[in-house]
Amino acid sequence: MNATAMPRIRTLIAEDEPLASESLADWVAQLPQLELVASCADGLSALEQIRSLRPELVFMDINMPGLTGLQVLRALAEDGAKGEGAVPRVIFTTAYNEHAITAFELHAADYLLKPFSQERFNEAVQHALQRSGSEGSAQPSSTQALEAAAKPDTSPMTRLLVRDQGKIFPIQVDTVEYLRSDIKYTAVASGGRQYLVNLPITAFEQRLDPGRFIKLQRSCIVNLDFVVSMTPDENSQLIVQMQDGTRFTANRDVSKKLREQSI
């Protein structure tokens with residue numbers, strides 16, 4: 001006699017970054033217990049689709065056009081309080097951890113900091129499903145949840161997937177020459193090209209090999225394999241010249257550390 005197949009968890013993705021949305025969809029498809037029912041690129045569509053389709057699990061970016069992920073979850077919580085539908089388990093995805101406490105006050109199931117690995121994604125799904133299966137169990141404290149889920153993914157980064165001119169390019173991290181950021185974007189230099197990534201430079205810092213990559217200043221990380229020379233200026237700060245001719249100035253503390261490491 002064949003065992004009855006377990007019903008799959010209806011899942012929705014609300015993410016305005018195409019690359020992140022595609023990665024989430026691919027990973028959802030690899031988990032047999034999940035069924036993707038819709039993808040949305042803004043908060044208003046997400047709220048409408050969640051109310052219409054009643055998914056049980058939602059991956060939702062916090063910073064979206066229209067409504068933020070937090071506003072969507074608040075609206076769903078109000079619906080639930082009125083008896084107008086169950087609130088789905090929500091796993092937030094974001095490049096910033098500043099909203100973590102608010103997310104857990106709204107009882108988010110988990111909180112993924114970009115760029116997160118597939119292993120961390122699977123862990124968040126398992127966590128969310130375990131919580132959904134624990135009827136009547138108490139919500140974990142905000143402090144415990146913040147420590148467990150708002151901690152950056154520090155697993156080693158070996159490959160980047162970047163979007164440029166409508167295409168997606170895989171880049172081996174070893175070939176990244178340097179990263180530099182402005183207020184909104186991080187430029188990733190590799191193979192004579194620069195790719196703009198909509199993530200802060202801090203999202204990469206803890207996942208790069210510290211034996212190869214060094215942070216020269218708040219907005220710049222270089223791969224020592226592509227450094228041609230380091231020359232002190234009149235203030236004893238090192239001018240770092242890259243193979244492509246780009247120059248960066250290391251701050252005083254980093255310059256001192258590099259001089260101490262020289263033989």
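Contact here means heavy atoms within 4.5 Å. I start from that because my first look-up was about which parts of the chain touch.

**Entry: contacts.** I'm working with a predicted model. I took the contacts with a separation of 6 or more and found that 52% of them join residues 24 or more positions apart.

**Entry: overall make-up.** I looked up the elements next: the chain has 15 strands and eight helices. It runs to 263 residues, and 41% of them count as buried. On the outside, I noted about 14500 Å² exposed, with 49% of that supplied by carbon and sulfur atoms.

**Entry: the cores.** I went for the largest nonpolar core, which has 22 residues. L12, M60, V72 and F92 have the most contacts inside it. I then checked who contributes: strands β1 (9-14), β2 (34-40), β3 (57-61), β4 (89-94) and β5 (110-113), plus helices α2 (43-53) and α3 (69-81), each give at least two residues. Helix α3 has the largest share, with five residues. I also found a second, separate core of 18 residues, with V162, I171, L179 and L208 among them.

**Entry: confidence.** How does the pLDDT look? The chain averages 82, and 81% of the residues score at least 70. Among the elements, strand β12 (residues 220-223) has the highest mean, 96, and helix α6 (residues 142-149) the lowest, 42. I looked around that helix too: the pLDDT is below 50 over residues 134-151. In the model, this stretch still has 22 contacts beyond near neighbours in sequence.

Note on methods: Residues numbered from 1 in each chain as written. Predicted model: local features only at pLDDT ≥ 70, side-chain atom pairs only at ≥ 80, totals over all residues. Heavy atoms only, no water. Helix = DSSP H or I, 4+ residues; strand = E, 2+ residues; numbered from the N terminus. Buried < 20%, exposed > 50% of the residue type's maximum accessible area, 1.4 Å probe, protein only. Areas by Shrake-Rupley, 256 points an atom, 1.4 Å probe, with all protein chains shown as cover. Core = buried A, V, L, I, M, F, W, Y, C linked by side-chain atoms within 4.5 Å. pLDDT = per-residue confidence, 0-100.
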